[in-house]
Amino acid sequence: FGREAVYFDAIASTQNEAHRRAEAGAPEGLVVIADVQTGGRGRLGRSWHSPPETGIWMSLVLRPDVPLPRVPQLTLVAAVSLADTLAACTGLSVGIKWPNDLLAGGRKVCGILTELAAEADRVHYVILGIGLNVNQTEEDFPPELRARAGSLAMAAGRSFSRVALAQRMLEGLEADYDDYLQKGFAPFKRRWEARAVSLGQRVVARTPGGDFVGIARGIDDDGALLLEQANGALRKIYSADLDL
Ligand code: BTN
């Protein structure tokens, strides 16, 4: 991944640019990366704070030959891959909060946004958007984010080379993506569960259909969170924010 890359000093959103390029036939592995985003997008329609020279804002074009229902697995594969790479590069302990937020020092340092174009059950392409807070200090975050958002530098007490990290992330993603296509999801499910911060804990899943309280028990093969409710029944959660 990243052998073909387009770099922007400033852009509204690398995600939108990657969609445009994928529609125009960009090959798998193309990376769109920018120093600053003026309209960075997050999950669930939120915005993503992407100030200059502090983070890694990039979107990757993938063309996986998998049926549509397996695409959520790809997001979890990416989360595991990035968590392992970042832990290895920084020495930090990196946890995953379902579905794919990466936490270090108790705060979210990385978010992943997976979007796809498909027709019937056939996937045309997937855009994997990665926002990694690398060298921000607490003051670099808007006040409303300070309690929950952090950077690798804040967690480690030193700064990191964004170029070196981005290279290692892309290498790791490529190797894990190939592994996933060959061997399937089972090994990644185990790796994901080993890094998950919420398993066995009581959580509140805030879904579009309301809040559900329960114990997080694991993930299903389709990427859903398995929530054990008070009556003992397991509820599958597909889209939510998790409060720990
Ligand atoms: C999340 O809400 O946790 C996902 C955040 C994803 C942010 C990245 S930054 C690069 C890419 N371009 C965007 O506009 N969003 C993603």
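This short talk walks through one predicted model, from its open sheet to a helix and a pair of hairpins.

Hi everyone. Two housekeeping points before we start. Residues are numbered from 1 along each chain as its sequence is written. Since the model is predicted, local features need pLDDT of at least 70, side-chain atom pairs count only at pLDDT 80 or more, and totals for chains, interfaces and linings use all residues.

Let's begin with the sheet. When I say helix or strand, I mean DSSP runs numbered from the N terminus: H or I of at least four residues for helices, E of at least two for strands. Two strands pair if DSSP finds at least two bridges between them. In general, strands of a sheet pair through backbone hydrogen bonds, either parallel or antiparallel.

Here, seven strands make an open sheet with mixed pairing, in the order β1-β2-β3-β7-β6-β5-β4. Which strands stand at the edges? They are β1 (5-11) and β4 (95-97); each has a single partner strand, so one side of each is left without a neighbour in the sheet. From one strand to the next, the twist averages 20°. For angles, axes are lines fitted to C-alpha atoms, for helices over the stretch in contact, and the angles run from 0 to 180 degrees between N-to-C directions.

Now zoom in on β5 (residues 101-104) and β6 (residues 107-119), which are antiparallel and share three bridges. In that pairing, Leu 103 sits opposite Lys 108 of β6.

Helices cover this sheet too. I count two residues as in contact if their C-beta atoms, placed from the backbone, lie within 7 Å. Helix α2 (residues 71-90) lies across β4, β5, β6 and β7, and runs at about 150° to β6.

Keep Lys 108 in mind. The unreviewed UniProt entry gives the feature "binding site" at Gln 37, Arg 41, Gly 42, Arg 43 and Lys 108. Those positions use the numbering used here, feature names are shortened, and annotations may be inferred rather than shown by experiment.

Are Arg 41 and Lys 108 buried or exposed? A residue is buried with 20 or more other C-beta atoms within 10 Å of its own, exposed with 12 or fewer, and partly exposed in between, with C-beta atoms placed from the backbone. Arg 41, in the loop between β2 and β3, is partly exposed because it has 19 such atoms within 10 Å. Lys 108 has 18, so it is partly exposed as well. Beyond four places in sequence, Lys 108 touches Asp 101, Leu 103, Arg 148, Ala 149 and Gly 150.

Next, helix α4. How far apart are its end C-alpha atoms? They are 31 Å apart; the expected span is 1.5 Å times one less than the number of residues, so the 22 residues of α4 (162-183) should span 32 Å, which agrees. Its buried residues include Leu 170, Leu 173 and Tyr 177, and the buried set packs against β2, β3, α2 and α5 (186-195). Just after α4 comes Gly 184, with a positive phi near 85°.

Finally, the hairpins. Strand β9 (residues 210-219) pairs antiparallel with β10 over four bridges, and Gly 223 in that hairpin has a positive phi near 90°. β10 is also joined to β11 (residues 234-237) by four bridges, again antiparallel. In β10 (residues 225-228), Leu 225 and Leu 227 lie on the covered face, while Leu 226 and Glu 228 lie on the uncovered one. That fits a general pattern: side chains of a regular strand alternate between the two faces of the sheet.

Thanks for listening!
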